[in-house]
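Colleague: I am new to this structure and would love a guided look at one part of it. Could you pick a spot inside the fold and walk me through the surroundings, step by step?

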Amino acid sequence: MIENGHTVILGWNDQVFTIVEELCRANNNQTNGCIVIMGDENKSLMEQQVRERVPGISHTRIVCRTGSPMDVSSLAILSLASAKSIIILSPDNDDPDADVLKIVLAIKRAPVSPGTKYHIVAQLRNSINSTIAQVVGGDEVEWLLTEDIVAKVVAQTCHKSGLSLIYTDLMDFSGDEIYFFTHPDLEGKTFGEILNLFEKNAVMGIQKLGQAPQLNPPMGTLIEDGDQIFLIAEDDDMIYLSGEPVDITDPAAIQNNNEVSENIETVLVLGWNRHAAKILRELDNYLGTKSSILVIANIELVKQDASWGDLKLENSEVLFRNGITTERQMLDALDLSKFNHIIILSYNDYLTKQVADSKTLITLLHLRDISARRPQCSYSIVSEILDIRNRNLAEGSSADDFIVSDKMISLLVSQVSENKAVNAVFADIFDAEGSEICLKPASLYIRPDHPVSFYSIVESARQKGQLALGYRLAANATNSEKSYGIVLNPIKSSVVQFTEADTIIVLAED
């Protein structure tokens, strides 16, 4: 076959369908998009499943091939050297990282012209393999450490109401995404000076020439020749740079109040697996001293895990208890009204994928029912669902009822395959150190009783060394048709009157 500028997917599992759907969306403004998939399934079967599970493919051609991604001769028919990007799926076996490393080695052994550089996106399940992965992949592979990403996302979305919606919006191609942008008119200006030069794009950071992207840099950072900024836009052809600075901020509406809060919270964790300890350590970064975490799991399943029952955290006290997490009687006896957040972890290390998902789903349904019957229970729920199809069954009706699954990783893989620099941006966003996405009271930035444009909010956040990305209106917090009140990347000239209950979405050091 002869292809050019196509995306190659190596491997076959349920992630294929989400990735293909997202890449097709990304190709909507192109006429000759092509995705080539190589897996160990029958070619006709793969093509049939793609047609059935990815509706509405129009501008993108899908080509399936049967073969082994570890076989150099099989790879030879995929035109890898001329591919826009290569995605390596993590197989469902006992040692997936080893297979992914073998595929990278096979790609690098394929005969290509001297100087050929690949853009490869690959997943590692266990961060212990990251050192050897960097040696094998060099600068041609963007590695996604999936267990680390899941741990960070669970911790952040559990702790911050509405954050899951923002992450989903940024990671899929159906709404707003992160794009890199450069323009001669930006040169010579400071980073703070350019924030309000974009009517419909929220600026997030800068990539200095030859350096890694930096979220929310110092406002005095000078933009020089070769630098790029990165911002939020609906598409890469929907970035609007104004010729002159817009000066329609309202100084009378701006407030510079300081936030005073210590996050003393109570968290319930139901279930356990090998990355549970990592999740709790991440969560501890966001909890105030004297917070508490109660972990309940079936001791007969998890007793072989060395981290079970023996975990010390800096801010939070952790208590472990034996219990069957699917039993309604046990859940009713817990007095769930005292918990701010609940995390349901999959027993995926001890049970098959489907059995583990069934237990998670039963527990989740109990918790939703208890919350519906008892108004005093207002906890957020974050749960792990392994199979994407089970995730669709479990989809909740609340913004703070978030399911973490392979679908989230698939969305991120799709983004990085389109632009490798986005990987470093998301890694920075997910990191507890430095700036991250926060939702802070609107009264910290503007007078709640005063109609104000988003230009003024951007300016108020700038004065605090923060970047305003959007807002959340409390009046719409339960309305799914209005994105549960989340407005990301708004038109800056639009005027809104906020209340004390509303929040501003910012990039800030929390």
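Modeller: Happy to; here is a walk through the aromatic cluster around Tyr 167, followed by its surroundings. Please keep in mind that this is a predicted model.

Let us begin with the rings. The structure holds 11 aromatic pairs. In one of them, the ring centres of Tyr 167 and Phe 430 are 5.2 Å apart and the planes stand at 80°, so this pair is edge-to-face. Tyr 167 belongs to helix 7 (residues 163–171), while Phe 430 belongs to helix 15 (residues 421–430), so the pair ties together parts that are 263 residues apart in sequence. Both Tyr 167 and Phe 430 are buried.

A further ring joins in from helix 15. Phe 426 and Phe 430 both sit in that helix, four residues apart, which is about one turn of the helix. Their ring centres are 5.9 Å apart and their planes are at 35°, so this pair is tilted rather than edge-to-face, a label that requires over 60 degrees. Together, ring pairs link Tyr 167, Phe 426 and Phe 430 into a cluster. How buried are the two Phe residues? Phe 426 has a relative accessible area of 1%, and Phe 430 has one of 2%. Each counts as buried because the cut-off is under 20%.

Now look at a neighbour of Tyr 167. Thr 157 lies in helix 6 (residues 146–159), and Tyr 167 is among the residues that Thr 157 touches, along with Leu 163, Ser 164, Val 382 and Phe 402, leaving aside residues up to four places away in sequence. At 7% relative accessibility, Thr 157 is buried too. A polar atom of the Thr 157 side chain lies 2.6 Å from the backbone oxygen of Val 153.

Another residue that touches Tyr 167 is Ile 437. The contacts of Ile 437 also include Leu 163, Ile 166 and Leu 170, as well as Ile 429, Leu 469 and Ile 505, again leaving aside residues up to four places away in sequence.

Ile 437 brings us to the wider setting. In soluble globular proteins, nonpolar side chains tend to be buried together. Here, the largest nonpolar core has 116 residues, and Ile 437 is one of those with the most contacts inside it, as are Ile 229, Ile 293, Ile 429 and Phe 498. Helix 6 supplies the largest share of this core, seven residues. Another core, of 28 residues, lies apart from it and includes Val 63, Ile 88, Ala 133 and Trp 143.

Finally, a few features to find elsewhere as you turn the model. Strand 12 (residues 291–297) has six of its seven residues buried, so this strand is largely enclosed by the rest of the structure. Strand 12 pairs with strand 11 (residues 266–270) in the parallel sense over five bridges, and one bridge joins Thr 266 to Ser 292. An open sheet offers the antiparallel arrangement: four strands in the order 7-10-8-9. Its edge strands are strand 7 (177–181) and strand 9 (214–215), each pairing on one side only. Strand 8 (residues 203–207) and strand 9 are joined over two bridges, with Gly 205 partnered by Leu 215. As a last stop, Lys 464 lies over the face of Tyr 445, 5.5 Å from the ring centre.

Notes
Residues are numbered from 1 along each chain as its sequence is written. This is a predicted model: local features need pLDDT of at least 70, side-chain atom pairs count only at pLDDT 80 or more; totals for chains, interfaces and linings use all residues. Side-chain values use heavy atoms; hydrogens and water are left out. Two strands pair if DSSP finds at least two bridges between them. Buried means under 20% relative accessible area, exposed over 50%, partly exposed in between (1.4 Å probe, protein chains only). A polar contact is a pair of N or O atoms within 3.5 Å; within protein, one must be able to donate a hydrogen and the other to accept it, and residues adjacent in sequence count only if both atoms are side-chain atoms. Contact means heavy atoms within 4.5 Å. A nonpolar core is a set of buried Ala, Val, Leu, Ile, Met, Phe, Trp, Tyr and Cys residues joined through side-chain atoms within 4.5 Å. Rings of Phe, Tyr and Trp (its six-membered ring) pair if their centres lie within 6.5 Å; planes under 30 degrees apart count as stacked, over 60 as edge-to-face and the rest as tilted. A charge sits over a ring if NZ of Lys or CZ of Arg is within 6 Å of the ring centre and within 35 degrees of the ring normal.
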